[in-house]
Amino acid sequence: MDTFGRRHDYLRISLTDNCDLRCTYCMPEGKNDFTAAAKLMNPEEIAAIAEAFVSMGVKKIRLTGGEPLIRKEAREIIQNLSKLKVDLTITTNATKVHEFIDDFKNAGIHSVNVSLDTFNKEKFIKISRRNEMELVMQNIHLLIKEGFHVKLNAVMMNGVNTDELLDFVTFTKDHSVHVRFIEFMPFAGNGWQREKVFAYQQMLDVIQEKMTIEKLVDEQHTTAKKYRIPGFLGTFAFINTVTLPFCGDCNRLRLTADGKMKNCLFSKDEIDLLTAIRNGQDIQQLILQSVKNKKAQTGGQSFDLPTVNRSMVAIGG
Ligand code: SAM
Ligand code: SF4
């Protein structure tokens, strides 16, 4: 529990700060200072740190990155964490998903979040700086066919993919997927400007002009405001971090691939759990201290000033 009465029971663990894609909003151009293997938490350290969090009340763990499935020990890490009493989930760009279907099933992973910002191949290359759209689409269909609960994360950026808003909504007609339109957020090296944010209210207006929409009940602690078109198989939602921060109900903590705990996506302060565990220190006190230090909103930073933080790929989204 932090000083604002928020109970934290959700941990997001980054497995790597590297990725096989290079999304402009996430990975700074030319980035090549990826963390050396010896400085990454190894599978045993990840399991030990995760276990400490679970013993203190964490009930849900999401694996993320960078791209979690390019981590060479991804299989072992997933297997280790599946032994903990938590709801285990993953966020992936889906390029490697076909190699992990059985691992997900064996680990009890039912829900998979996939990033997809466009249905247009040229635009996919422009945004991700890689030509992998066909594989990503194949793997989205594979996940649906295999019965996973699939959420599609689309970062909406003015002048980049805003023209595809209705295509995403239409995709929910015959596909049982849950699209989440995410407002473009500022991180180191991603060229963020407020003018590039396609705001929730604008998106809602565009959709409502063409379609009849129905508001759904939002789950507790969710970051997403959920809607559907009556009769469609899937749903869509908005994650409005920039225009309507949802910090008041936050239950999230983060662990970077190099073992630093962040109490907020936008916090500039970090606590080094990996060095502590390597030195045989008790990390529970450090975890408590980090939670107590959590600021009321957006890590105590304002988006209207330059924010001090890592790049998204080095935090773990
Ligand atoms: N590689 C995986 C993926 O792409 O799903 C997991 C890591 S990625 C950093 C996690 C999520 O963060 C993705 O859904 C991505 O779209 C989102 N993300 C990255 N940078 C962002 C930004 N600047 N604003 C909003 N969302 C962002
Ligand atoms: Fe890689 Fe995901 Fe970042 Fe894109 S959003 S560069 S896929 S980590």
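**Exercise 1. The S5–S6 pair**

Task: find out in which sense S5 and S6 pair, and over how many bridges.

Solution:
- Start with the ground rules: this is a predicted model, where local features need pLDDT of at least 70 and side-chain atom pairs count only at pLDDT 80 or more, while totals for chains, interfaces and linings use all residues. Residues are numbered from 1 along each chain as its sequence is written, chains are lettered from A and ligands numbered from 1 in the order in which they are written, and side-chain values use heavy atoms, with hydrogens and water left out.
- Next, the vocabulary: strands (E, at least two residues) and helices (H or I, at least four) are DSSP runs, numbered from the N terminus. Two strands pair if DSSP finds at least two bridges between them.
- Now the pair itself: seven bridges hold S5 and S6 together in the parallel sense.
- For a landmark, go to Ala-154, whose bridge partner in S6 is Phe-181.
- On its other flank, try S4: five bridges join S4 to S5, again parallel. There, Asn-113 has Lys-151 in S5 as its bridge partner.
- Finally, check the cover: seven of the eight residues of S5 are buried, where buried means under 20% relative accessible area, exposed over 50% and partly exposed in between (1.4 Å probe, protein chains only).

**Exercise 2. The whole sheet**

Task: work out the strand order of the open sheet and which strands sit at its edges.

Solution:
- Write down the order of the 12 strands: S7-S8-S9-S6-S5-S4-S3-S2-S1-S10-S11-S12, with mixed pairing.
- The ends of that row are the edge strands, S7 (214–215) and S12 (271–272), each pairing on one side only.
- Then add the helices. H5 (residues 133–145) packs on the sheet and touches S4 (111–115), S5 (149–156) and S6 (177–183), with a direction about 160 degrees from that of S4. H6 (residues 165–174) lies across S5, S6 and S9 (235–239), and it runs at about 160 degrees to S6.
- About those angles: axes are lines fitted to C-alpha atoms, for helices over the stretch in contact, and angles run from 0 to 180 degrees between N-to-C directions. Contact means heavy atoms within 4.5 Å.

**Exercise 3. Strand S1**

Task: decide whether S1 is enclosed or open, and find what stands opposite Leu-11.

Solution:
- Count the buried residues: five of the five in S1 qualify, so the strand is largely enclosed by the rest of the structure.
- Sort the side chains: Leu-11 and Ile-13 point one way, Tyr-10, Arg-12 and Ser-14 the other, and all are buried.
- Look to one neighbour: S1 (residues 10–14) and S10 (residues 252–255) run parallel and share four bridges, with Leu-11 opposite Leu-253.
- Look to the other: five bridges link S1 in parallel to S2 (residues 60–64), and here Leu-11 faces Ile-61.

**Exercise 4. Aromatic rings**

Task: classify the ring pair of Phe-236 and Phe-238.

Solution:
- Set the rule: rings of Phe, Tyr and Trp (its six-membered ring) pair if their centres lie within 6.5 Å; planes under 30 degrees apart count as stacked, over 60 as edge-to-face and the rest as tilted.
- That rule yields 14 aromatic pairs.
- In our pair, the centres of Phe-236 and Phe-238 are 5.9 Å apart and the planes stand at 90 degrees, so the pair is edge-to-face. Both residues are buried.
- Zoom out: ring pairs tie them into a cluster with Phe-119, Phe-168, Phe-171, Phe-181, Tyr-200 and Tyr-227.

**Exercise 5. Ile-182 and Arg-129**

Task: are Ile-182 and Arg-129 buried, partly exposed or exposed?

Solution:
- Ile-182, in strand S6, has a relative accessible area of 12%, so it is buried.
- Skipping neighbours within four places in sequence, Ile-182 contacts Asn-153, Ala-154, Val-155, Met-156 and Ile-239.
- Arg-129 lies in the loop between H4 (121–128) and H5. Its relative accessible area is 27%, so it is partly exposed.
- One more thing to check on Arg-129: its phi is positive, near 55 degrees, in a residue other than glycine.

**Exercise 6. Around ligand 2**

Task: list the residues around ligand 2 and sort them by kind.

Solution:
- Gather the residues with a heavy atom within 4 Å of the ligand: Cys-19, Leu-21, Cys-23, Tyr-25, Cys-26, Gly-66, Asn-93 and Val-313.
- Sort with this key: Ala, Val, Leu, Ile, Met, Phe, Trp, Tyr, Cys and Pro are nonpolar, Asp, Glu, Lys and Arg charged, and the others, Gly among them, polar.
- The shell comes out as six nonpolar, two polar and no charged residues.
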